[in-house]
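Open the model in your viewer and keep the selection tool handy. We will walk through it one stop at a time.

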Amino acid sequence: MLEVLRAGPMLTVQDRGRFGWRHAGVSAAGPMDGPAFAMANALVGNTAEAAALEFAHLGGIFRAHAPCRIAVTGGTAEVVIEGEPRPAWEAHRVMAGQTIRIGAMADAVWGYLAVSGGIETPILMGSRAAHLRSGLGRVVEAGARLPLGAFDPRGPALACRRPHAETLAPRDIRVVLGPQQDAFSAEVLERFASARFTVTTRRDRMAMILDGPQIPAQRGHDIVSDGTVAGSIQIPGSGCPIVLMAEAQTTGGYPKIATVIGADLPRLAQMPSGAAFRFRPVPRDTAEDIWIAQHSAERRARLRLSVTIARRWRA
Amino acid sequence: MTSAPILLPAGDQALVVQLSEDIDAAVNARVIALADALDRAGIAGITDRVPTYRSLLVRYDPTVIRGRRLEERLLRLLEELDVENAPARLWRVPVLYGGPAGLDLEDLAREKKMSPEELVALHCGTEYRVFMIGFAPGFAYLGGLNPRLHTPRLAIPRQMIPAGAVGMGGQQASINSVAGPSGWRFIGGTPVRLFDPARDPAILLAAGDRIMFEPVDRGTFTRLAALAAAGRPVIGPEVA
């Protein structure tokens, strides 16, 4: 069992997500940064289906009530186990009764704490992922006691090379235009693809609102409501783009000028408020190629984790 | 309805089959029939599909099926589509008109220059169609509201409307599925919970279903509400 002594902002239990319910009005939820979440699970030897904790900016303080391995990913978080500083992006052994403090991340917004065995809160509609707007799960608060699953205590503590080093450099956010690109003039589409947009503080697990130039639609900003996905870029009457995220509504009545590609959505989610970037349209075929390549690169990275020095200490 | 379907990308893991730009029961029936045909086709790599008023959104895993290939499959399904055979379930939804959830009943009746009884008779005297589920878990957009009951939404939404509140916004009717803010006007409440994550089924209504509202008294409402709180669906569908 993992006890929460102090909870950072927006601390929730997440697994990969709740799939197959969009037709019923329930979006998948799941992690804001899927690759970082998957890596946290891999580092402690969990399966991809295991649940872990997600937090915004700052993790909190936790106490392990049984021996386990933990890993923190997302950004360069300050991790302190029973007074000893430990690096993020690698697994560490924790003894029963020891405390884990996860401080602020300087270079990311969403962080992950995975525990060997995974967090075994009740499964609702096939998933443990908190979906706050739907009343599925809740924000984890101080005093919570989170049940953990069984794991192999002889398993190694693993480490990875920081996978995000390359993505820290400023780079465009790639999009596929549509489904409602026809609602915008050629000139406005050109503006959308060349102007700088800024991440604002109006952001949560549902959506991120961006600042930038006006993006007016040609025939008003109301369409007959249709389906949305994580990454949909809605343009409401205010002209400020709204990028839908993990916990967004499943349908919407604003025209969607473009969709952030799957490979770049976690990077957008991790951008600090105030960061500026450009959207760069790519053909759908290219976006699928990028996703397939990144998907297999991430899988290879998770399979090639190295055993940390902690294992030698144990011997 | 005769216009050619338009295929629109929604990123690298979803696409949209758009059959029209308008709200129309026949178009909506085709969208739902396509969703059903897609389920039956058992195409590997489909992760979700969302039928809406006039289009079908399909999520897919591009490591299993590419968008271009999926579009070909969807166009072929559309060519062979049989809309007639789609079953239409009918739900009879009990409503306590007025009552704690029906805070707009008296005002709306006055605005529309009719008695509350006349308004209730118009509301429950017609069959509704579930055009789509969206916005919130299990929230059904219902078409078929009597034109005399068409009602503009409030300029400033109310902060907290309970689950089960029965209301209307614009030309549409609905039943609140989760508690939350709403700019719709409400005339009653149902003890039925359209969404209960701990219940199987968690969600009652589906796009294409038919709805009839049936007035009940306070005693019946209280009895059914207790059943709903215990995790019972309370009502079941009749299949035509």
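## Where the two chains meet

Start with both chains on screen in this predicted model: 35 residues of chain A are in contact with 39 residues of chain B. Which element of chain A gives the largest share of the side that touches chain B? Select H4(A), which supplies 6 residues. To see more of this side of chain A, add strand E16 (226-227) and strand E20 (256-260); these two and helix H4 (284-303) each bring at least two residues. Colour the side of chain A that touches chain B by class and you will find 15 nonpolar, 16 polar and 4 charged residues.

## Two domains in chain A

Now hide chain B for a moment. Colour residues 2-164 of chain A as domain 1 and residues 170-282 as domain 2. The C-alpha centres of these two domains of chain A are 29 Å apart. Where they touch, 18 residues of domain 1 of chain A are in contact with 12 residues of domain 2 of chain A. On the domain 1 side, select helix H1 (residues 34-43) of chain A: its 3 residues are the largest share of that side. By class, this side of domain 1 of chain A holds 10 nonpolar, 5 polar and 3 charged residues.

## Two domains in chain B

Bring chain B back and hide chain A. Chain B also has a domain 1, covering 6-79, and a domain 2, covering 89-239. Their C-alpha centres are separated by 29 Å. Here the contact takes 7 residues from domain 1 of chain B and 7 residues from domain 2 of chain B. Select helix H1 (residues 25-41) of chain B, which gives the most to the domain 1 side, with 4 residues. How does the domain 1 side divide by class? There are 5 nonpolar and 2 polar residues, with no charged ones.

## The sheet in chain B

Stay with chain B and show its strands E1, E2, E4 and E3, which form an open antiparallel sheet in that order. Why do E1 and strand E3 (46-51) of chain B each have a side without a neighbour in the sheet? They stand at the edges with a single partner strand each, so one side of each is left open. From one strand to the next, the twist averages 20°.

Zoom in on strand E1 (residues 6-9) and strand E2 (residues 14-18) of chain B, an antiparallel pair with 4 bridges. Label B:Leu7 and look opposite to find B:Val17 in E2(B). E1(B) and E2(B) form a hairpin with 4 residues between them, and B:Gly11 in the turn has a positive phi of about 90°.

Next, follow E2(B) to strand E4 (residues 55-60) of chain B; the two run antiparallel and are joined by 5 bridges. Across this pair, B:Ala14 stands opposite B:Arg59 in E4(B). H1(B) packs on the sheet, touching E2, E3 and E4 of chain B, and its direction makes about 165° with that of E3(B). Then select helix H2 (residues 67-79) of chain B, which lies across E1, E2 and E4 of chain B and runs at about 30° to E2(B).

## Last stop: a helix to check yourself

Select helix H5 (residues 218-229) of chain B and use the distance tool on its end C-alpha atoms. They are 16 Å apart, which agrees with the 16 Å that its 12 residues should span at 1.5 Å a residue. H5(B) is hardly covered, with 1 buried residue among its 12. Just after H5(B), finish at B:Gly231, which takes a positive phi of about 90°.

Definitions and conventions: Residues are numbered from 1 along each chain as its sequence is written. Chains are lettered from A and ligands numbered from 1 in the order in which they are written. This is a predicted model: local features need pLDDT of at least 70, side-chain atom pairs count only at pLDDT 80 or more; totals for chains, interfaces and linings use all residues. Domain bounds come from an automatic or database domain assignment. Two residues are in contact if their C-beta atoms, placed from the backbone, lie within 7 Å. Ala, Val, Leu, Ile, Met, Phe, Trp, Tyr, Cys and Pro count as nonpolar, Asp, Glu, Lys and Arg as charged, and the others, Gly among them, as polar. Two strands pair if DSSP finds at least two bridges between them. The expected span of a helix is 1.5 Å times one less than its number of residues. A residue is buried if 20 or more other C-beta atoms lie within 10 Å of its own, exposed if 12 or fewer, and partly exposed in between; C-beta atoms are placed from the backbone. Axes are lines fitted to C-alpha atoms, for helices over the stretch in contact, and angles run from 0 to 180 degrees between N-to-C directions.
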